[in-house]
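This report describes a protein chain together with a DNA strand. The sequence and the structure come first, and the text follows.

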Amino acid sequence: MALSKPTFLTHLKTLARPHRSLRPCFVTLRHLSFNTPEEAAAERRRRKRRLRIEPPLSYAQRSQQQAQPVAPPKPIQNPNAPKIPEPVTVLTGNRLNLHNKILKLIRENDLEEAALYTRHSVYSNCRPTIYTINAVLNAQLRQSKYADLLSLHRFITLAGIAPNVITHNLIFQTYLDCRKPDTALEHYKQFSNESPVNPSPTTYRILVKGLVDNGKLEEALEMKKDMLEKGLAPDSVVYSYLMLGYARSGDADGILKLFEELKEKKDGVLDDGEVYGNLMKGYFIRGMEKEAMECYEEACGENSEVKMSAVAYNYVLEALSKNGKFDEALRLFERMKNEHSPPRRLAVNLGSFNVIADGYCAEGKFKEAIEVFRSMGDYRCSPDTLSFNNLIDQLCQNGLLSEAEELYGEMGDKGVNPDEYTYVVLMDYCFKVSRIDDGAAYFKKMVESGLKPNSAVYNRLVDELVKVGKVDEAKSFYDIMVKKLKMDDESYKFMMKALSDVGRLDDVLKMVDEILDDESAEFSEELQAFVKEELRKEGREEDLTKLMEEKERLKAEAKAKEIEAAEATQRSARAAVSSLLPSKLFGKKEDESESTEATENAIEAASGGESQTQAGNEGPIEEATVMESVASDTSSEDESTVTDSNAVDTKPF
DNA sequence: GTAGGGTTAG
């Protein structure tokens, strides 16, 4: 396929030569063979169409095989057939420059700009390569910007940029991270059956791990078979994920069976450390402590031949500490730290500290937990948002709110960004100890830092504020959030009731006014009845009727103006058309119309692209549908949140 | 100048 440039040019020259000599004759003949200029033009169009269907390259290849028996005509390629992704060799020149520019934006953490730049380039004269697009998708995935990721993916799909295996892997990972294993499986099925791209071992690691994490052990086990069918060998990584799945469902037999199966495949020598921790879990489940500890000896003992990575150790640490062997876990942890000498030998990592911190928490030793957590830096490990959240959560649960707040303070110092979870935990625990203002302050901080709480969190906040009589404050949070969240009837009613209870019926009516003005909001019958009832208490139900009638009147007026304007436009358009001479409209030369066709197509595509960008911002329909179900606990969110990264909220607030 | 030696905690 990939003819080098000189070869391709040679082909073209060869092709051109006979044509050149034929040319005079050809032209004359053509003139003779048509009766009218129209017929000649029609033939020219046909020829051009043929040329469009058969690109010069395939023509060149075919003419090479002239001597061979006539090959059956190639069927016209289905334009919907999946395309083969571009090879890495296309990443040169301008496209490489573009790639580097976008990588720079990613490094600067400006993902939105990176995605926008990518989109704009799609219909420019410098198309981004799939490698560039993958880099953006990857960055979006790492920052949990799932909706943005899916939106960009849809955009490039519509633009006909062929995905490669990494693109597919990113999509699988996205759906699995969003807790949409069924969607991931659907994509996998389609990929497996229709894509010209082959899966990689990583594809299966992602799928198996993700399915196990989503409680789909059966499907994960199926993947092991699929892997074999695709000519890939399930390795110990895949096995360790599956064993983990069995461990979570308490199925010791499953674990042991998998271990034996893997051992057999490896001719009885299993030196991959990752499976040993999970094997220990299997024995612990059965109450076979002796065997579990023998297994521990085999993996971590003096004479062990087993290769233990930090991750492999962490599995073992976990098996020990969750099965009443925390002391042994601590001993192993010390050994790991001694063994650790980066960058040559990495025996501990972030996870090791998290497992031990959790172990201390489970023993009620919170001071030690915090201490070990803080000691991470001594071993060139740094905590991430999730580890902070985990420890903050456990401290809060055990009445250590101020210690938790201290850790929260350290996040900023360490350059770790708090996320919604961080703020919501702190807010909730402040409420629990009646520190309502502090809780509200955490909420405010969350919104100010660009994070997006879901409706449930917002509802808890106003609930608390109203409970302590802070109706003004509650209303000010309503004003902020009404633009960001899709409020449901209950949220409206709650705010209205609070206002009504303190005699602020005018504010209630103002809320109704705003709801009626807001096209994305609905003033339901039920809400209407509720407002009426509240107003009736003060004998003011007429105010609502008046307000609604006034709105109707204004709407009708606006509509009439709109129609009038449209008619005026139509009239002037008609006038313009009739002023054109027929010759101006139909006297266009054939060739001219043909040659402009491509340009028109390009313009059409480009403007289609632009409108896509805009549609993307509002949430493309397909992605919106998917994301709607992805954002399971924020399903009441409005459409505009679809591309808002944080709207995809898998967090059980 | 994409991706992968894999883990844990919400």
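## Report on the predicted model

In this predicted model, D267 is exposed, because only 7 other C-beta atoms lie within 10 Å and a residue with 12 or fewer counts as exposed. D267 sits in the loop that joins α13 (252-265) to α14 (274-285). The phi angle of D267 is positive, near 55 degrees, although the residue is not glycine.

R179 also has a positive phi, of about 60 degrees, without being a glycine. Its place is the loop between α8 and α9 (181-194). With 18 other C-beta atoms within 10 Å, R179 is partly exposed. A further backbone feature is the cis peptide bond from P342 to P343, where omega is near 0 degrees. P343 belongs to the loop between α17 (326-339) and α18.

**The chain as a whole**

Chain A contains 32 helices and zero strands. Of its 653 residues, 34% are buried. Among contacts in chain A with a separation of 6 or more, 63% are between residues 24 or more positions apart.

**Annotated segments**

An unreviewed UniProt entry lists "repeat: PPR" for several stretches, including residues 200-234 and 454-484. The annotation "coiled-coil region", also from an unreviewed UniProt entry, covers residues 537-571. The table gives the helix and strand content of these three segments in the model, with the distance between their end C-alpha atoms.

| Residues | Helix | Strand | End C-alpha atoms apart |
|---|---|---|---|
| 200-234 | 74% | 0% | 11 Å |
| 454-484 | 77% | 0% | 9 Å |
| 537-571 | 89% | 0% | 54 Å |

The other stretches recorded as "repeat: PPR" are 235-265, 309-343, 349-383, 384-418 and 419-453.

**The surface near DNA strand B**

There are 40 residues around DNA strand B, and those that come nearest are N134, N169, V237, G351 and Y421. Two or more residues of this surface are given by each of α6 (130-142), α8 (165-177), α10 (201-213), α12 (236-248), α16 (310-321), α18 (350-362), α20 (385-397) and α22 (420-432). By type, the residues of the surface near DNA strand B are 17 nonpolar, 14 polar and nine charged.

**Packing of α18 and α20**

Two packed helices are described by the angle between their axes and the distance between the axes. For α18 and α20 the angle is about 5 degrees and the axes are 11 Å apart. The two helices, α18 and α20, are therefore roughly parallel to each other, since the angle is under 35 degrees. On the α18 side of the contact are L350, N354, A357 and C361, which meet S387, N390, L391 and Q394 of α20. The residues of the contact of α18 with α20 are four nonpolar and four polar, with no charged residue.

**I515 in helix α27**

I515 is part of helix α27, which spans residues 505-517. There are 17 other C-beta atoms within 10 Å of I515, which makes the residue partly exposed. Leaving out residues up to four places away in sequence, I515 touches A521 and F523. V482 is 33 residues from I515 along the chain, and the C-alpha atoms of the two are separated by 9.5 Å.

Definitions and conventions: Residues are numbered from 1 along each chain as its sequence is written. Chains are lettered from A and ligands numbered from 1 in the order in which they are written. This is a predicted model: local features need pLDDT of at least 70, side-chain atom pairs count only at pLDDT 80 or more; totals for chains, interfaces and linings use all residues. A residue is near a molecule or strand if its C-beta atom, placed from the backbone, lies within 6 Å of it. Helices (H or I, at least four residues) and strands (E, at least two) are DSSP runs, numbered from the N terminus. Ala, Val, Leu, Ile, Met, Phe, Trp, Tyr, Cys and Pro count as nonpolar, Asp, Glu, Lys and Arg as charged, and the others, Gly among them, as polar. UniProt positions are given in the numbering used here, feature names are shortened, and annotations may be inferred rather than shown by experiment. Axes are lines fitted to C-alpha atoms, for helices over the stretch in contact, and angles run from 0 to 180 degrees between N-to-C directions. Angles under 35 degrees count as roughly parallel, over 145 as roughly antiparallel, 65 to 115 as roughly perpendicular and the rest as oblique. Two residues are in contact if their C-beta atoms, placed from the backbone, lie within 7 Å. A residue is buried if 20 or more other C-beta atoms lie within 10 Å of its own, exposed if 12 or fewer, and partly exposed in between; C-beta atoms are placed from the backbone.
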